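User: Hi! I have a model open and would like to know what stands behind the terms used for it. Could you walk me through them?

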Amino acid sequence: MIPSRIFEKWWLRAFIALVVFFVWQICYAINRVQGLEEEKAVLQATIEVLKRKSDVLRTEIHEKERTLTRLDGRIEEIDTQIRDHISLLPRVNRSTPFIYFITPTHFRAAQKADLTRLSYTLSHVPNLHWIVVEDSDELTPSVAEILKRSRLPYTHLNARTPSDQKMKYTDPNWTLPRGVEQRNSALLWIQNQLSAVRSGVVYFGDDDNTYDLRIFEEMRKVQKAGVWPVGIVGGMFVETPILAGNGSIIDFNSIWKRERPFPIDMAAFAVNVTLILSNPNALFSFDVPRGYQESTFLEKVGIHRYNMEPLAEKCSKVYVWHTRTEKSKLSKEMVQKLTKKTGFNPLEAHALGV
């Protein structure tokens, strides 16, 4: 039998060992906490350093953005100066009347292409204000970007065609009148914003027509309403007024609906802005016979067919063509995408401007 003294010493040793173990654990934990505190302090110091660096970087970024903005402005000034100097037309002074070039436009496969091409033509024309009116519920970034890149003075508007007057994709171009709401929106803008203007010319320029730069100099000659030949329109190579020996208009050579008061195309005339301002009811309408949009408008501004001013060297030259971008031949799937304006891949979206 084991003596009780030995038993007591064994438990004492075990107790002491256990106390020592717990003391060691406590010391280890204390050291670990102290280490974590030191790591925390180091991390906090690092965070403060990074914050200061972040503040410095933000300041530098802000300064660089300001510099970039200044450079962009300078680039725009230089672009304008270069464009003015390389313009294919003679430079004009500020007293030269402005041309208010109204372009209705609607979304289609070729819209971005047509507007881009037109913008390059108009960018060569000094003293021109481009009024682009989209057939949409809101302004689209793609059209806005084209206008911005043109470096032209411009106004960007939108006016939706009523659904009952909207053509379907498969409808022929002549099914319903186009551009009525859009042209009216531009005319109302002119009446509201240019009421104090005493000179200038208003012209309705489609986005897919073709313009010789000389047509714009002809427009500047308009006193009340000028007229000139238009190529490739009305089933003819050229539609034009017919002049008498003294240069006055005696007839028109149109073969389609010759009985119209003005058997001409929208691209064939321009009117002085004062006629728009003095005739606020001179607007386009859906409630006119097919082909009578031009006639109705010109009658509303008080113009008589024989009192128009024949321009383009007494209507002996063609400086504008009623070209039309061919309706894109698309698969059924592509037509559905175009109609819904959804489902495009990134490259298609960039090409279409959506």
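Analyst: Happy to; below we go through the terms one by one, keeping in mind that this is a predicted model.

User: Let's start broadly. How many helices and strands are there, and what share of the residues is buried?

Analyst: The protein has 10 helices and 13 strands. Of its 354 residues, 39% are buried. Its accessible surface is about 21,400 Å², and carbon and sulfur atoms account for 59% of that.

User: Why is Glu294 called buried?

Analyst: The cut-off for buried is under 20% relative accessible area. Glu294 has 10% relative accessibility, so Glu294 counts as buried. Glu294 sits in helix H7, residues 293-300. UniProt, in an unreviewed entry, gives this position the feature "active site".

User: Which residues touch Glu294, if its neighbours within four places in sequence are left aside?

Analyst: They are Ile264, Asp265, Met266 and Phe269. What makes them contacts is the cut-off: heavy atoms within 4.5 Å. Two of these names, Ile264 and Phe269, also turn up among the contacts of Leu298, along with Phe262, Val271, Ile303 and Met308.

User: And what makes Leu298 part of a core?

Analyst: A nonpolar core joins buried residues of kinds such as Leu, Phe and Met through side-chain atoms within 4.5 Å. Leu298 belongs to the largest such core, which has 66 residues. Leu298 is also listed there among the residues with the most contacts inside that core, together with Trp130, Ile190, Phe216, Trp228, Phe297 and Met308. Apart from it lies another core, of 5 residues, including Ala109, Phe344, Ala349 and Leu352. In soluble globular proteins, nonpolar side chains tend to be buried together.

User: How do you know that the buried residues of H2 line one face of the helix?

Analyst: The buried ones are Gln111, Asp114, Leu115, Leu118, Ser119 and Leu122. Looking down the axis of H2, they fall within an arc of 135°, so they line one face. Their cover includes strands E1 (99-105), E2 (128-134) and E5 (210-211), as well as helices H3 (141-150) and H5 (214-219).

User: What length does H2 have, set against the expected one?

Analyst: H2 runs over residues 111-122, which is 12 residues, and its first and last C-alpha atoms are 16 Å apart. At 1.5 Å a residue, the expected span is 16 Å, so the helix comes close to it.

User: Asp208 lies in a loop. Why is Asp208 buried or exposed?

Analyst: Its relative accessible area is 14%, and that is under the 20% cut-off, so Asp208 is buried. The loop in question joins strand E4 (201-204) and E5. Not counting residues up to four places away, Asp208 touches Asp114, Thr323, Arg324 and Thr325. Asp114 is one of the buried residues of H2. UniProt lists Asp208 as "binding site", again in an unreviewed entry.

User: What is notable about phi in Arg151 and in Cys315?

Analyst: Phi is positive in a residue other than glycine: near 65° for Arg151, and near 60° for Cys315. Arg151 is in the loop between H3 and strand E3 (154-158), whereas Cys315 is in helix H8, residues 312-315.

User: Why is Arg151 called partly exposed while Cys315 counts as buried?

Analyst: Partly exposed covers the range between 20% and 50%. Arg151, with a relative accessible area of 31%, falls there, so it is partly exposed. Cys315 is at 13% and therefore counts as buried.

Methods. Residues numbered from 1 in each chain as written. Predicted model: local features only at pLDDT ≥ 70, side-chain atom pairs only at ≥ 80, totals over all residues. Heavy atoms only, no water. Helix = DSSP H or I, 4+ residues; strand = E, 2+ residues; numbered from the N terminus. Buried < 20%, exposed > 50% of the residue type's maximum accessible area, 1.4 Å probe, protein only. Arc of directions from axis to C-beta. Areas by Shrake-Rupley, 256 points an atom, 1.4 Å probe, with all protein chains shown as cover. UniProt positions renumbered as here; feature names shortened; annotations may be inferred.
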